[in-house]
Amino acid sequence: MKKISLIFAALIVSAAAMAQDNVLKEVNTTSVDDLISRLPGNALYAYNDFMIGIAYFKDGRCSKADFNYSVLYEEMHYKGADNEILAVSNGEAIGMIKIGDDTYVHTERKAFAKMLLYCETNEVMLCQQRRTHILKEDARFGAYGTSTETVAASLVQRTEFNPNVIDLNAYRDLKYDVEDHYLVIIKDKVVTIRSKKAFEKAFPKLKNQIKEYLAENRVNFNKADDIIRLTRVCMSLSE
C-alpha cells in the first residue's frame, strides 16, 4: 500500500473556488498542493466523501475500509490508521471492491474501473473509467519527461514532480477535463469503446447485428446510456 501525499481537506472545495470553464488561473506548477487545492472535488475523486466499502480478494479474503476512487491519480484510495490516505497497490489480487451500490474491478491497465453491466453466462463486462486530464491553455501536456511543459502531467501519471523537467518559475493557466472512458472486458480481453469498430472488435461474431442496430438507432459513443443499451443487445445475442 502506498501513502498519498494529498490532504483529505482538499476534497472540501467551495463552489466559489471552482474554476469557470475548467480553467485554473496562475497555478504554481511546481507545487502539487497548489494544483490539488485548486481543483474541484469531482476532478479529484469519484465521490464527495470516502464511503464504507469491502474489498473482495481472489483468495477468498475480504477487507472493509473507507474507500474513494481517485480520478486524478487513477487509483483506489482508502483510509488507513489515523485517517491516513493510502492507495491500493495490489489491485491484481483483488476480485472486486464494493463501494455503496457500485462495484469496481481491477483491469489489465493497472487501474480500477466501475462495472456498469455484467453477463455471467459469457463473462462479458462493461466498465467505466473516469480520468482527470491536466492541460495547458492551448494543448494537452505531453508525456512525462518529454519537455519542460510536462508539469502537472507528472501528477496525473502518479510520479513525483521532477525539477529536472519542470520550469521552476512557471505560473500558468491550466485547464482540466474529467473524461469517461468505456471498456468491454470479455474474459481477459479488454477493448476501449470509442466507435462502432471497437464494438465489432469486442464482438467479432456480431458485426452484422451491430451494423443493423446502429442503422436503426443513433448511438453516441461518449454517452453511457447509449453504450449500455448496445452492450445489452450484444450480451443477449452472445448467450
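Me: With which side chain does the side chain of T103 make a polar contact?

Reply: The side chain of T103 makes a polar contact with the side chain of K98, at 3.3 Å; please keep in mind that this distance comes from a predicted model. T103 itself is found in strand β8, residues 102-106.

Me: Is T103 buried or exposed, and which residues is T103 in contact with once its neighbours within four places in sequence are left aside?

Reply: The general idea is to compare the relative accessible area with a cut-off, and under 20% a residue is called buried. T103 has a relative accessible area of 11%, so T103 counts as buried. Leaving aside the neighbours within four places in sequence, T103 is in contact with M96, I97 and K98, and also with A113, K114 and M115.

Me: How should I read a residue between the two extremes, and what is the relative accessible area of V178?

Reply: Partly exposed is the class that lies between the 20% and 50% cut-offs. V178 has a relative accessible area of 32% and is therefore partly exposed; this residue is found in strand β11, residues 171-186. The C-alpha atoms of V178 and N42 are separated by 8.0 Å, although the two residues are 136 residues apart along the chain. Beyond four places in sequence, the residues in contact with V178 are N42 and A43, together with R130, R131 and T132.

Me: R131 is one of those contacts, so where is R131 placed, and which side chains are joined to R131 by polar contacts?

Reply: The place of R131 is in strand β10, residues 124-135. One polar contact, of 3.4 Å, joins the side chains of R131 and E74, and another, of 3.0 Å, joins those of R131 and Q129. R131 counts as buried because its relative accessibility is 18%, which is under the 20% cut-off. Leaving aside neighbours within four places in sequence, the contacts of R131 are V71, E74, D177, V178, E179 and H181.

Me: What is the value of phi at E74, and where does E74 lie?

Reply: Most residues other than glycine have a negative phi, which is why a positive value is worth a second look. Phi of E74 is near 55 degrees, a positive value in a residue other than glycine, and E74 lies in the loop between β4 (62-70) and β5 (75-79). D82 also has a positive phi, near 60 degrees, and lies in the loop between β5 and β6 (85-87). As for accessibility, E74 counts as buried at 14%, whereas D82 is exposed, with a relative accessible area of 79%.

Me: How many disulfides are counted, and is C234 buried or exposed?

Reply: A count of disulfides rests on a distance rule, namely cysteine sulfur atoms within 2.5 Å, and by this rule the count comes to zero. C234 is buried, with a relative accessible area of 1%, whereas C62 counts as exposed at 53% relative accessibility.

Me: What span does helix α5 reach from its first C-alpha to its last, and which of its residues are buried?

Reply: Helix α5, residues 224-238, has 15 residues and reaches 21 Å from its first C-alpha to its last, close to the 21 Å expected at 1.5 Å a residue. The buried residues in α5 are D226, I227, I228, L230, T231, C234 and M235.

Me: How many helices and strands does the chain have, and what share of its residues count as buried?

Reply: The secondary structure comes to five helices and 12 strands, and of the 239 residues 47% count as buried. Among contacts between residues at least 6 apart in sequence, 57% join residues at least 24 apart. The accessible surface of the chain comes to about 12900 Å², of which 46% belongs to carbon and sulfur atoms.

Me: Finally, what is the mean pLDDT of the chain, and which element has the lowest mean pLDDT?

Reply: Where pLDDT is low, the predicted coordinates should not be read in detail. The mean pLDDT of the chain is 77, and 74% of its residues reach 70 or more. Among the elements of the chain, helix α2 (residues 153-156) has the lowest mean pLDDT, 38, and strand β3 (residues 51-57) the highest, 96. Over residues 137-166 the pLDDT is below 50, and this stretch has 70 contacts in the model beyond near neighbours in sequence. Over residues 5-20 the pLDDT likewise stays under 50, and for these residues the model has 25 contacts beyond four places in sequence.

Note on methods:
Residues numbered from 1 in each chain as written. Predicted model: local features only at pLDDT ≥ 70, side-chain atom pairs only at ≥ 80, totals over all residues. Heavy atoms only, no water. Helix = DSSP H or I, 4+ residues; strand = E, 2+ residues; numbered from the N terminus. Expected span 1.5 Å × (residues − 1). Buried < 20%, exposed > 50% of the residue type's maximum accessible area, 1.4 Å probe, protein only. pLDDT = per-residue confidence, 0-100. Contact = heavy atoms within 4.5 Å. Polar contact = N/O pair within 3.5 Å; in protein donor to acceptor, adjacent residues only side chain to side chain. Areas by Shrake-Rupley, 256 points an atom, 1.4 Å probe, with all protein chains shown as cover.
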